[in-house]
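This report describes one chain for a reader at the bench. The sequence and structure come first, and the text follows.

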Amino acid sequence: MSMPQEMTDANLRSIPSGLSGIYAIYHDFDGEIDTAYVGRAKGTPGSCIKTRLQKHFK
């Protein structure tokens, strides 16, 4: 499990390809972290964590 990181192009490039698992995208609206989206990546081409986060980033 890794620590939350800001969703930047550089951070997304550093994620290894082919990872499967659960990921979450958080937003800080008023000083408290609110979960905005939770997803699951299968680890297949087009559905690994890196690819899924890149699609959300765009």
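How do the residues of the lining of the largest pocket divide into nonpolar, polar and charged? In this predicted model, 17 of them are nonpolar, six are polar and two are charged. The pocket itself has a volume of about 970 Å³. It is lined by 25 residues, and those closest to its centre are Ser2, Met3, Pro4, Gln5 and Ala24. Helix 1 (9–13), strand 1, strand 2 and helix 2 each give two or more residues to this lining. Strand 1 provides the largest share, with seven residues.

**Overall layout**

The chain has 58 residues, of which 19% count as buried. It contains two helices and two strands, arranged along the sequence as α-β-β-α. The C-alpha trace spans about 35 × 25 × 20 Å along its principal axes. Among contacts between residues at least 6 apart in sequence, 42% join residues at least 24 apart.

**The strand pair**

Strand 1 runs antiparallel to strand 2 (residues 33–41), and eight bridges join them. Two of the residues discussed below as core members can be placed in this pairing: Tyr23 has Gly39 as its bridge partner in strand 2, while the partner of Ile25 in strand 2 is Tyr37. The two strands form a hairpin with four residues between them. In the turn, Gly31 has a positive phi of about 90°. Asp30 also belongs to the loop between strand 1 and strand 2.

**The nonpolar core**

The largest nonpolar core consists of seven residues: Leu12, Ile15, Tyr23, Ile25, Ala41, Ile49 and Leu53. Strand 1 (21–28) and helix 2 (49–57) each supply at least two residues of this core. For Ile15, leaving out residues up to four places away in sequence, the residues touched are Lys50 and Leu53. Leu53 is itself a member of the core.

**Two loop residues compared**

Asp30 and Ser47 both sit in loops, and the table sets out where each lies and how accessible it is.

| Residue | Loop | Relative accessibility | Class |
|---|---|---|---|
| Asp30 | between strand 1 and strand 2 | 59% | exposed |
| Ser47 | between strand 2 and helix 2 | 16% | buried |

Why does Asp30 count as exposed? Its relative accessibility is 59%, and exposed means over 50%, so Asp30 falls in that class. Ser47 is buried because its relative accessible area is 16%, and the limit for buried is under 20%.

Which residues does Ser47 contact, leaving aside its neighbours within four places in sequence? They are Ala41, Lys42 and Arg52. Ala41, one of these, is part of the largest nonpolar core. Ser47 therefore combines a loop position with a buried class, at 16% relative accessible area.

Asp30 can also be placed by distance. Asp30 and Gly46 are 16 residues apart in sequence, and their C-alpha atoms are 34 Å apart in space.

Key
Residues are numbered from 1 along each chain as its sequence is written. This is a predicted model: local features need pLDDT of at least 70, side-chain atom pairs count only at pLDDT 80 or more; totals for chains, interfaces and linings use all residues. Side-chain values use heavy atoms; hydrogens and water are left out. A nonpolar core is a set of buried Ala, Val, Leu, Ile, Met, Phe, Trp, Tyr and Cys residues joined through side-chain atoms within 4.5 Å. Buried means under 20% relative accessible area, exposed over 50%, partly exposed in between (1.4 Å probe, protein chains only). Contact means heavy atoms within 4.5 Å. Two strands pair if DSSP finds at least two bridges between them. On a 1 Å grid over the protein atoms alone, a cavity is a set of points where a 1.4 Å probe fits but cannot get out, and a pocket is an open set with protein on both sides within 12 Å along at least five of seven lines; lining residues have an atom within 4 Å of a point. Grid points are joined across faces, edges and corners, and a volume is the space filled by probe spheres set on the points. Ala, Val, Leu, Ile, Met, Phe, Trp, Tyr, Cys and Pro count as nonpolar, Asp, Glu, Lys and Arg as charged, and the others, Gly among them, as polar.
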